[in-house]
Amino acid sequence: MPRQLLFVLAAIAALGLSACGGNRATLPDDGGVGSGAGMGAGSGAVTSGTGGSGGPEVFREVPGAGGSGPLSRLIIYFDFDQADLRPEYNEVLAAHGGYLAANGGALLRLEGHADERGSREYNIGLGERRAQAVRRALLLQGAAAAQLTTVSYGEERPAAFGSDEEAYGLNRRVELVYRQLN
Amino acid sequence: MLRQRLIIGPRSWLAAALALAAMLNATLAQAQLRIEIRRGVERPIPMAIVPFSWEGTGAQPPLNVSAVVTADLAGSGRFDPIPERDMVARPTQPEQVDFQDWQILDVDALVIGRVTQDGPDRYTVIFQLFDILRGELLVGYRLTTPGADLRVTAHRISDMIYEALTGIPGVFSTRVAYVSEQRENGQQRFRLIVADADGESPQVVADSPDPLMSPAWSPDGRRLAYVSFEGQQSAVYIQTLRSGARDRVSAREGVNGAPAFSPDGRMLALTLSRDPGNLDIHVLDLTTQVLVRLTRNPAIDTEPTWAPDGQTIFFTSDRSGGPQVYRIAPQAGADAQRVTFEGAYNARPRVSPDGRQLAVVHRNAGNYRIAVVDPRTGLTQVLSNGALDESPSFAPNGALIIYATRDAGRGVLSSVSTDGRIQQRIGAVAGDVREPVWGPYARP
């Protein structure tokens, strides 16, 4: 399978995703917020840094980044108030499912998002529903459950800022974030 | 003579919180929000608030108490304080008041007062409120406080005057929690902030590069529950405001969201997705950690909120297609009943303090607006006029609802009286602000 491995920094720049969050795995910035039981215990945290700004630079690598094949497509867009996968993504999802099946060590996080309209926690639900729709499709294509995690950011992490249909369309999405390859 | 002593409790939390805020962020030194009245009552009560006299070291007291009271009352939209230059007399003692001076000016009410220094950091504020038409004293109080709490004291005075003149308890001395988002070097920065109801004294209680959302007050006003995405996963935290200490109370796989304290503070309703992708309402006993699942429905069930009697939880569900408000008893196996029927989108309910009304986000001709719904009749009244209004929260007196709206693309806060007559814009000085939650009366 032809694939190029690029530092995600380059991938993000190439894909125009600079607003979607940093490449460096971030740990809670707990400085001064308070201390208490359970704080920063990090259950399910996927980070390998040590917190704050002193941690190592952790880069994630993406299959197919920079190419033009289906594996290079790392964002699935959705219709308003919908979590149904559009048929145009069949090929993309088949390619990622196949990649995960062939590379048992690869781990993928599915980040679900919603546009800004409506209430915030309900939008968390919409983002979660979208992430689960992509997860189910990848499982059908041969990915293992243990390779996939989901998180919904609702409307909290928009890809496009603005209150128009174009921005809304870019924000109703699931981002495929590879955390570990091969 | 109505002169009472009002005990103001220790306020060491303020010093602790201020120190914390200073540590976290120096940019919030001044008020982050600014209030402006968009619409007031047709005939606000004309009144006069005479500048309070000062006896103590220095030329002025640490805070201009009467100026804060004037700003509070004018900002409420229900009063019209006359300018200082129009005052024909400046009484500060009851025996100096000549009612005729004020009848000529057509004011209905008069406030006079004095601030005296009792010790190195001890102040007494005495004020009287007079009914000019009847020529009689309505209320008078004496309040004693350290200098750092003079502002809270001024708000308490505003509360007492407001209640004496309107019959509704004032909420000037309450606090509001909200989320601010700023973009710094292309990165989002989220802050959870607690401020006085007028936007003054903002304190950062949490600060994160990852989203913070859904703040919820404990009924005693000492703690905030909220959702944080630190570590790239959602978790619900409960933080004690005074110390800053916090507990992570839910970090289960999937969604951990929408926390809401029960009226007795012992339970936390929240949204979890323990079946992948299926959000359901749960209730967590904060003492025993026993978790009860209330809803079992493939729909999105979220945004729980408790009725004041603790016997009902209202929540959002899209089990009928679009989001609508439902009610359920907080016991396992209870059945949910639909509450809202008007319109295709009714979400994020909040119950009024008397339990008689729900404030919701209501879609109306493509616009998301704040509406109040009578849960018994389903009758819906739209109160706001924005396009993307959200997160309504009742003031503890039930007379006002604060909510998030947009102004020129920026997130700002607004408040509207539940009768729709008074509207205030509470603009952010910087960044976006949203998810306002009005705190309870109790100030620990």
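This passage looks at the overall build of chain B, its two domains, two of its strand residues, and one helix of chain A in a predicted model.

Chain B makes a good starting point. Its secondary structure consists of four helices and 32 strands. The radius of gyration of chain B is 23 Å, close to the 22 Å that the globule rule gives for 444 residues, so chain B is as compact as a globular protein of that length. Taken along the principal axes, the C-alpha atoms of chain B fill a box of roughly 70 × 45 × 45 Å. Of the 444 residues in chain B, 50% are buried. Among the contacts in chain B with a separation of 6 or more, 48% join residues 24 or more positions apart.

The chain is divided into two parts: domain 1 of chain B covers residues 31–166, and domain 2 of chain B covers residues 175–438. Taken over C-alpha atoms, the centres of these two domains are separated by 35 Å. Where the domains meet, 17 residues of domain 1 of chain B are in contact with 20 residues of domain 2 of chain B. On the domain 1 side, at least two residues each are supplied by strand S2 (33–39), helix H2 (65–75) and helix H4 (150–166) of chain B. The largest share of that side, seven residues, comes from S2(B). By class, the side of domain 1 of chain B that touches domain 2 of chain B has seven charged, five polar and five nonpolar residues.

Two strand residues of chain B give a more local view. Val205(B) has its place in strand S11 (residues 203–208) of chain B. With 25 other C-beta atoms within 10 Å, Val205(B) meets the cut-off of 20 or more and is therefore buried. Leaving aside neighbours within four places in sequence, Val205(B) is in contact with Leu192(B), Ile193(B), Val194(B), Leu224(B), Gln239(B) and Leu241(B). Gln289(B), by contrast, is 84 residues from Val205(B) in sequence and 25 Å from it in space, C-alpha to C-alpha.

Gln188(B) belongs to strand S10 (residues 187–196) of chain B. Gln188(B) has 19 other C-beta atoms within 10 Å, and is partly exposed because a buried residue needs 20 or more and an exposed one has 12 or fewer. Beyond neighbours within four places in sequence, the contacts of Gln188(B) are with Glu181(B), Arg183(B) and Pro209(B). Pro209(B) is 21 residues away from Gln188(B) in sequence, yet the two are 6.0 Å apart in space, C-alpha to C-alpha.

In chain A, helix H2 (residues 90–102) offers a simple check on geometry. At 1.5 Å a residue, the 13 residues of this helix should span 18 Å, and its end C-alpha atoms are 18 Å apart, which agrees. Within H2(A), the residues Val92(A), Leu93(A), His96(A), Tyr99(A) and Leu100(A) are buried. These buried residues cover an arc of only 125° around the axis, which puts them on the same side of H2(A). An α-helix has 3.6 residues a turn, so residues three or four places apart point the same way. The cover over the buried residues of H2(A) includes strand S4 (107–113), helix H3 (120–140) and strand S6 (173–180) of chain A. Turned away from this buried side is the face of H2(A) that carries the exposed residues Glu91(A) and Ala102(A).

Definitions and conventions:
Residues are numbered from 1 along each chain as its sequence is written. Chains are lettered from A and ligands numbered from 1 in the order in which they are written. This is a predicted model: local features need pLDDT of at least 70, side-chain atom pairs count only at pLDDT 80 or more; totals for chains, interfaces and linings use all residues. Two residues are in contact if their C-beta atoms, placed from the backbone, lie within 7 Å. Domain bounds come from an automatic or database domain assignment. Ala, Val, Leu, Ile, Met, Phe, Trp, Tyr, Cys and Pro count as nonpolar, Asp, Glu, Lys and Arg as charged, and the others, Gly among them, as polar. The expected span of a helix is 1.5 Å times one less than its number of residues. The arc is that of the directions from the helix axis to the C-beta atoms. The radius of gyration is taken over C-alpha atoms; the globule rule is 2.2 Å times the number of residues to the power 0.38.
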